[in-house]
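Grab a coffee and open your viewer. Here are some exercises to work through, each with a solution you can check by hand.

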Amino acid sequence: MPPTLIAVERATAASRAALATGIALVLVAASLPWWGESSWMREFVEIACYFIFAMMWNLLAGYGGMVSIGQQAFFGFGGYVMLMLGNFGGVNPFVAIPLGALAAGLVAIPVSFVAFRLSGGYFAIGTWVIAEVFRLSFANVSAVGGGSGTTLTALRGIEKATRESTTYWMALACVVAAVALVYLFLRSKRGLGPVNTSSVHQRRARS
């Protein structure tokens, strides 16, 4: 008996409608600085940070089965790099944001070689320990305010309206990019394929 062929459509009418709706919502959201309140933009930026944080955690724990409680280390590291570039390096703080994200991604590479040798509860505890190492390291640097933080003085020469709108647009762009990248990854061969996390950890432990 010949095998049953299944037709797979990469785009359906529902998905195209959802995409059009999403684009429309993003365009409306992008216009918020011209008609919305400043408090709305500040709240959106804060929600956007938590949203991206939760999405990345769900990608790692929900889909990958690896419970991590140390992602805040990389958020904090990128923030401190942005602070130092802006306050001490004379870099525009809005240019320093992607540079801080790049620095956090680069430092995550060697850290991953340590973290991914652990599995299960050991992996979760290990990521928490790594985050504590990051926190204690920056807490002892008085130039960045230690554990209490400090003011981003590089923003003083930028008008308040420009600061708020640019920060809002960057947060919106990060949300859109995060959603798009996660969606594309989950529809890729690697994202659709089953992952046996225990075998991955065992292979890396033997290497």
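The exercises below go from the overall fold to single helices and side-chain pairs.

Ground rules first: this is a predicted model, where local features need pLDDT of at least 70, side-chain atom pairs count only at pLDDT 80 or more, and totals for chains, interfaces and linings use all residues. Residues are numbered from 1 along each chain as its sequence is written, and side-chain values use heavy atoms, with hydrogens and water left out.

**Exercise 1. Work out the secondary structure and how much of the protein is buried.**

Step 1: Take the DSSP runs, numbered from the N terminus, with helices as H or I of at least four residues and strands as E of at least two. That yields nine helices and zero strands.

Step 2: Call a residue buried under 20% relative accessible area, exposed over 50%, and partly exposed in between (1.4 Å probe, protein chains only). On that basis, 27% of the 207 residues are buried.

Step 3: Count contacts, meaning heavy atoms within 4.5 Å. Among those with a separation of 6 or more, 73% join residues 24 or more positions apart.

**Exercise 2. Describe helix α5: its span, its bend, its cap and its packing.**

Step 1: α5 covers residues 93-115, which is 23 residues. The expected span is 1.5 Å times one less than the number of residues. For α5 that expectation is 33 Å, and the C-alpha distance from first to last is close to it at 31 Å.

Step 2: Look for a bend, the angle between axes fitted to the seven residues ending at a position and the seven starting there. α5 bends by about 35° at isoleucine 109, with proline 110 following within four residues.

Step 3: At the N-terminal end, asparagine 92 acts as the cap, with a side-chain oxygen 2.9 Å from the backbone nitrogen of phenylalanine 94.

Step 4: The buried residues of α5 include Phe94, Gly100, Ala104 and Val111. Its buried residues pack against α4 (72-87), α6 (120-139) and α7 (160-186).

**Exercise 3. Find the salt bridges and place each one in the fold.**

Step 1: Use the cut-off of a Lys or Arg side-chain nitrogen within 4 Å of a carboxyl oxygen of Asp or Glu. The whole structure gives two hits.

Step 2: One pairs arginine 42 with glutamate 164, at 3.2 Å from N to O. Arginine 42 sits in α3 (residues 38-63) and glutamate 164 in α7, so the pair ties together parts 122 residues apart in sequence. Arginine 42 is partly exposed at 48%, whereas glutamate 164 is buried at 15%.

Step 3: The other joins glutamate 132 and arginine 135, at 2.9 Å from N to O. These two are three residues apart in α6, so about one helical turn separates them. Glutamate 132 is partly exposed at 24%, and arginine 135 is partly exposed at 46%.

**Exercise 4. Are cysteines 49 and 174 bonded or free of any disulfide?**

Step 1: A disulfide needs two cysteine sulfur atoms within 2.5 Å. The search of the whole structure returns zero.

Step 2: Cysteine 49 is in no disulfide, and its nearest cysteine sulfur, on cysteine 174, is 8.2 Å away. Cysteine 174 is likewise in no disulfide.

Step 3: Cysteine 49 is partly exposed at 42%, and cysteine 174 is partly exposed at 39%.

**Exercise 5. Which residues does threonine 127 contact, leaving aside neighbours within four places in sequence?**

Step 1: Locate threonine 127 in helix α6. It is buried, with a relative accessible area of 8%.

Step 2: With those neighbours set aside, threonine 127 is in contact with Ser68, Ile69 and Gly70.

Technical notes. A polar contact is a pair of N or O atoms within 3.5 Å; within protein, one must be able to donate a hydrogen and the other to accept it, and residues adjacent in sequence count only if both atoms are side-chain atoms.
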